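Let's take a look at how cysteines pair up in this chain, and then at one residue with a polar side chain. Here is the structure to keep open while you read.

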Amino acid sequence: MDKRALSAALGAAVAAVLAVTASASATASAGNVLTTGAAGGTAVASGDVLSASLATGTKARIATTAGGSTGITCGTSAFTATANTNPAAPGTATETVTAHTLSSCTTNIVGATGVQSITVNNLPFAASVSSGGSLTVSAGAAGPIQTTLKINTILGVTTCVYRAGSLTATPDNADNSLTFTDQLFTKYSGPGTCPGSGYFTAKYGPVLDTSQAGSPAVFVN
């Protein structure tokens, strides 16, 4: 092989090595879909418990119309989920929602005098988080996504049951939050005094990995 051919071969080999190295570096910097500490930081481990309460200064709402002001407002709400799979980004991580609570609720629905309780039924739910920046909650083995409201009225307690096919939320790494906006629940059972629909809106954050020391915030990559 002459010197020019040898030089060309060596150049091609070096280029190939550099290309592979660059590709590996890009993959490494992307990290996993869910990380703690920073975007592209430490991967959330399978089995870790993730939790969040309402973002400071916010409340959860169940409105009778999308974007409406009539309905139920709750000053306290929180969720807990367990991480299942957490692949390299871009990808989709999976979780199991094990708890979701709402309390300290008031209502301005005509004929209602207060909210006795709101119970999220059929837990656990399945959840998936995509690198594109969305979280989807879907029904689990126990049954559909369902919420039971017990509302006080002048005639006694009214029980209203609502169901949703799925729920979608938007993660935000700026404050490690998760926002649900006007997620539709449709009345499954209850008297005519129960509104036909409920639109759920809430912002939770920061989402924390409570299985790790210091409960670091969770990022979506």
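What follows covers the disulfides and then Gln-183, all in a predicted model.

**The disulfides**

Searching the whole structure turns up 2 disulfides. Numbered in sequence order, the bonded cysteines of the chain pair as 1-2, 3-4.

| Disulfide | S to S | Angle about the S-S bond | Hand |
|---|---|---|---|
| Cys-74 to Cys-105 | 2.1 Å | 105° | right-handed |
| Cys-160 to Cys-194 | 2.0 Å | -80° | left-handed |

What does the right-handed link of Cys-74 and Cys-105 hold together? Cys-74 sits in strand E5 (residues 71-85) and Cys-105 in strand E6 (residues 92-107), so this pair ties together parts that are 31 residues apart in sequence. Cys-74 is buried, at 1% relative accessibility, and Cys-105 is buried too, with a relative accessible area of 14%.

Then there's the left-handed link of Cys-160 and Cys-194. Cys-160 belongs to strand E11 (residues 156-164), while Cys-194 is in the loop between E13 and strand E14 (197-204), so the pair ties together parts that are 34 residues apart in sequence. Both Cys-160 and Cys-194 are buried.

**Gln-183**

Now for the glutamine: you'll find Gln-183 in strand E13 (residues 177-189). Is Gln-183 buried or exposed? Its relative accessibility is 13%, so Gln-183 counts as buried, the cut-off being under 20%.

What does the side chain of Gln-183 reach? At 2.9 Å there's the backbone oxygen of Thr-181, and a polar atom of the same side chain lies 2.8 Å from the backbone nitrogen of Thr-168. Leaving aside neighbours within four places in sequence, Gln-183 is in contact with Ser-166, Leu-167, Thr-168, Gly-198, Tyr-199 and Phe-200.

Technical notes:
Residues are numbered from 1 along each chain as its sequence is written. This is a predicted model: local features need pLDDT of at least 70, side-chain atom pairs count only at pLDDT 80 or more; totals for chains, interfaces and linings use all residues. Side-chain values use heavy atoms; hydrogens and water are left out. Helices (H or I, at least four residues) and strands (E, at least two) are DSSP runs, numbered from the N terminus. Buried means under 20% relative accessible area, exposed over 50%, partly exposed in between (1.4 Å probe, protein chains only). A polar contact is a pair of N or O atoms within 3.5 Å; within protein, one must be able to donate a hydrogen and the other to accept it, and residues adjacent in sequence count only if both atoms are side-chain atoms. Contact means heavy atoms within 4.5 Å. A disulfide is a pair of cysteine sulfur atoms within 2.5 Å.
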